[in-house]
Amino acid sequence: MSKTISAGRTPKILIDNIGGDLSLVGWEGDDILLKGDDDEMRFKQDGDQVTISCDDDVSIRVPKGSLVYINMIGGDASIRGVMGGIELKEIAGDLSIRDVESVAIDTIQSDFSLRGAKGHLSVKNAESDVSIRDVDGNVSLESVADDLALRDVRGNVSANVSEDVVLYLNPQAGNVYSITAGEDILLVMPPKANATLT
């Protein structure tokens with residue numbers, strides 16, 4: 001069953017608790033479109049603020065400019081095309097993010113991949129593998145329990161990783177890259193890179 005909610009082009013969306021998987025897509029439309037089981041899905045609206053929760057899987061389309069805050073996802077999540085900023089407290093399953101603005105995450109319990117962020121990325125705690133590519137802003141990873149693959153980051157990089165790191169780096173003047181790995185680091189740089197390694 002699907003529900004349509006009108007809350008303007010830049011709504012604030014609080015996704016409180018998703019019991020199953022979440023698919024979240026930013027689109028050109030002005031409405032928020034919810035698809036899920038009627039009995040499992042709940043939402044309330046207060047002006048441009050919309051709160052959504054679902055005990056099972058849910059698919060949500062939101063205006064591209066939405067600001068999204070997610071409290072808890074019990075399953076996997078796929079998020080793409082949301083340009084208003086994303087905050088995520090905790091996810092139990094895998095997380096895949098594509099073509100967004102800024103992202104701030106507290107805890108990811110499974111694998112995490114991100115491709116294409118115009119803003120900054122910060123992750124406090126990733127309990128499995130992390131793969132990041134194509135970020136215009138800064139990347140801060142406080143704790144990664146498994147491996148990290150990082151490529152095409154144009155801002156500063158700070159990462160604390162328990163296992164291996166694969167890093168493709170084209171150093172930019174004035175940027176700082178601080179990577180700690182519990183095991184191996186493979187660093188790939190352009191032949192003419194102007195960098196000091198410590």
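These are my notebook entries on strands, salt bridges and a pocket in a predicted model.

**Ground rules.** I number residues from 1 along each chain as its sequence is written, and for side-chain values I use heavy atoms, leaving out hydrogens and water. Because the model is predicted, I accept local features only at pLDDT of at least 70 and side-chain atom pairs only at pLDDT 80 or more, whereas totals for chains, interfaces and linings use all residues.

**Entry 1, strand β13.** I looked up β13, residues 112-117 (strands are DSSP runs of E, at least two residues, numbered from the N terminus), and found that five of its six residues are buried, so the strand is largely enclosed by the rest of the structure. Buried means under 20% relative accessible area, exposed means over 50%, and partly exposed is in between, with a 1.4 Å probe and protein chains only. Which strands pair with β13? Strand β11 (residues 95-100) pairs with β13 in the parallel sense over five bridges, and β13 also pairs in the parallel sense, over five bridges, with strand β15 (residues 130-135); two strands pair if DSSP finds at least two bridges between them. I noted that I97 stands opposite L114 in β13, and that R115 stands opposite R133 in β15.

**Entry 2, salt bridges.** I took a salt bridge to be a side-chain nitrogen of Lys or Arg within 4 Å of a carboxyl oxygen of Asp or Glu, and by this rule the count comes to nine. K3 forms one with D38, their closest N and O atoms being 3.1 Å apart; this pair links distant parts of the chain, with K3 in strand β1 (residues 2-6) and D38 in the loop between β4 (31-36) and β5, 35 residues apart. K3 is partly exposed, with a relative accessible area of 29%, and D38 counts as partly exposed at 35%. I also recorded that K89, D106 and K124 are linked in a network of salt bridges.

**Entry 3, F43.** I found F43 in strand β5 (residues 41-46), where F43 counts as partly exposed at 35% relative accessibility. Leaving aside neighbours within four places in sequence, F43 is in contact (heavy atoms within 4.5 Å) with K3, I5, L34, T51 and I52.

**Entry 4, lining of the largest pocket.** A pocket is an open set of points on a 1 Å grid over the protein atoms alone, with protein on both sides within 12 Å along at least five of seven lines, and lining residues have an atom within 4 Å of a point. The largest pocket is lined by 18 residues, and L169, Y177, T196, L197 and T198 lie nearest its centre.

Notes:
1 Å grid on protein atoms, 1.4 Å probe; cavity = no way out; pocket = protein on both sides within 12 Å on 5 of 7 lines; lining within 4 Å. Helix = DSSP H or I, 4+ residues; strand = E, 2+ residues; numbered from the N terminus.
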